[in-house]
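New to this one? Take a look at the sequence and the 3D structure first, then use the notes below to find your way around.

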Amino acid sequence: MNQYPLSGFLFSLSAVIMWSTLPMALQQVLPMMDSQTIVWLRFVTAMIGVFVLLFFAKKLPKLTACSPKEWAFLGLGIVGLSCNFLLFNMALRYIPATASQVLSPVSSFMMILSGVVIFKEVMGIHQKLGLLLLLIGLPLFFNDHFGDFAQMNNYAFGILLGTIASFVWIGYGIAQKILLKRFSSQQILLIIYVGCSLVFTPTADPAQLKQLTPLALACLIYCCLNTVIAYGCYAEALNRWRCPRSA
C-alpha cells in the first residue's frame, strides 16, 4: 500500500511540472551549445548539489559493501539516464517542445508496466485509465504527421529519438527502485550523477558557455537546477508512493 500518499503525490507532481517545462528552456540553449556539453553541465550541477546535501547530512553512500548485482544495477541506472538525457536533447533539434512533452508520459507508463512484470505490482484503475488515454491521445496528437513518419524525415527522426529516450529511461527507473533496498534515494542519485558526469566529460566543451546570450544562460541555469529538483522529487516519490503489491 502507499505509505505516504499525499507526499508521494506532491513529489510526483513537482517532478512532472519540472519535466514539462524543461524542453522549452532547452530549445533556447541548443542553438548555441552541443547536446553533450549541456547534458554534462546538468549532471555536474546535480552531482555537486546532491553531494553537498549528503555531505553536510553525513549520509554519503558507502560503496565498499556493494555486491556485484548492486554494481550492475548502478551501471544500468547510469547508462539509462545518460542515454535518456542525450537522446532527449538530440530530439529537440528536430521536433518542437510540445511534441517532446507529449512523449514524456510514455516513460512513466512503461515504468508502471515494468512494475507489474518485475515487481509483481497491480495497476490501479486510475493507471489503467491513464494508459488508455495515452494510447488514444498519441495517435490523435500526431495524426497530422503520419506523412512525416512515412517519409522518415527530420520530424519523424526526432520523434524516434524521443521515443527511444523514453524507453531507455526505464533502465534508470528500475535501477532506482531496486537500489532503494540498499541506499537512500538521494544516495542513488549521487552515484548515478557521478557516473553520468564521467560518461560525458571527454566530449564536453565548457568553452561554449561564452557563446550564450543572457536569456540562453538563464535557461541553461534553469535546466541544471531542473535536474536536481525534478529527479530528487521523482526519487522521493518512488520511495513514498508505491503501487499496491499483489496479494
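Here is a quick tour, going from the overall fold to single residues.

Keep in mind that this is a predicted model. The protein has nine helices and zero strands, so in terms of secondary structure elements the chain reads α-α-α-α-α-α-α-α-α from the N terminus, by the DSSP-based assignment. Of its 247 residues, 47% count as buried.

**Overall picture**

- Among the contacts with a separation of 6 or more, 86% come from residues 24 or more positions apart.
- One example of distant parts of the chain coming together is Phe 9 and Ala 237: they are 228 residues apart along the chain, while their C-alpha atoms are separated by 7.1 Å.
- Phe 9 belongs to helix 1, which covers residues 5-29, and with 39% relative accessibility it counts as partly exposed.

**Helix 2 against helix 8**

- Helix 2 (residues 35-56) packs with helix 8 (residues 185-200) at an angle of about 145°, and the two axes are 8 Å apart.
- The crossing of helix 2 past helix 8 is left-handed.
- On the helix 2 side, the residues that meet helix 8 include Val 39, Trp 40, Phe 43, Met 47, Phe 51 and Leu 54.
- On the helix 8 side, the partners include Gln 186, Leu 190, Tyr 193, Cys 196 and Phe 200.
- Sorted by character, the residues of this contact come out as 14 nonpolar, four polar and no charged.

**Aromatic rings**

- The structure holds eleven aromatic pairs.
- One of them is Phe 51 with Phe 55, a stacked pair with 5.8 Å centre to centre and 20° between the planes.
- Why are Phe 51 and Phe 55 separated by about one helical turn? Because they sit four residues apart in helix 2.
- Both ends of that pair are partly exposed: Phe 51 has a relative accessible area of 39%, and Phe 55 is at 44% relative accessibility.
- Tyr 172 and Tyr 231 make an edge-to-face pair, because their planes stand at 70°, past the 60 degrees needed for that label; the ring centres are 5.5 Å apart.
- This tyrosine pair links distant parts of the chain, with Tyr 172 in helix 7 (residues 154-179), Tyr 231 in helix 9 (residues 214-240), and the two positions 59 residues apart.
- Are these two tyrosines buried or exposed? Tyr 172 is buried, at a relative accessible area of 0%, and Tyr 231 is buried too, at 4%.
- Tyr 172 and Tyr 231 also belong to one aromatic cluster, together with Trp 19, Phe 43, Phe 85, Trp 169, Tyr 193 and Phe 200.
- Three members of that cluster, Phe 43, Tyr 193 and Phe 200, turn up again in the contact of helix 2 with helix 8.

**Single residues worth a look**

- Arg 182 lies over the face of Phe 183, and its distance from the ring centre is 4.7 Å.
- Lys 58 has a positive phi of about 55°, although it is not a glycine.
- Where is Lys 58? Look in the loop between helix 2 and helix 3 (68-91).
- Lys 58 counts as exposed because its relative accessible area is 76%, and the cut-off for exposed is over 50%.

Definitions and conventions: Residues numbered from 1 in each chain as written. Predicted model: local features only at pLDDT ≥ 70, side-chain atom pairs only at ≥ 80, totals over all residues. Heavy atoms only, no water. Axes fitted to C-alpha atoms, helices over the stretch in contact; angles between N-to-C directions. Left-handed = near helix turned anticlockwise from the far one by under 90°. Contact = heavy atoms within 4.5 Å. Nonpolar A, V, L, I, M, F, W, Y, C, P; charged D, E, K, R; others polar. Buried < 20%, exposed > 50% of the residue type's maximum accessible area, 1.4 Å probe, protein only. Phe/Tyr/Trp six-rings, centres within 6.5 Å; stacked < 30°, edge-to-face > 60°. Lys NZ or Arg CZ within 6 Å of the ring centre and 35° of its normal.
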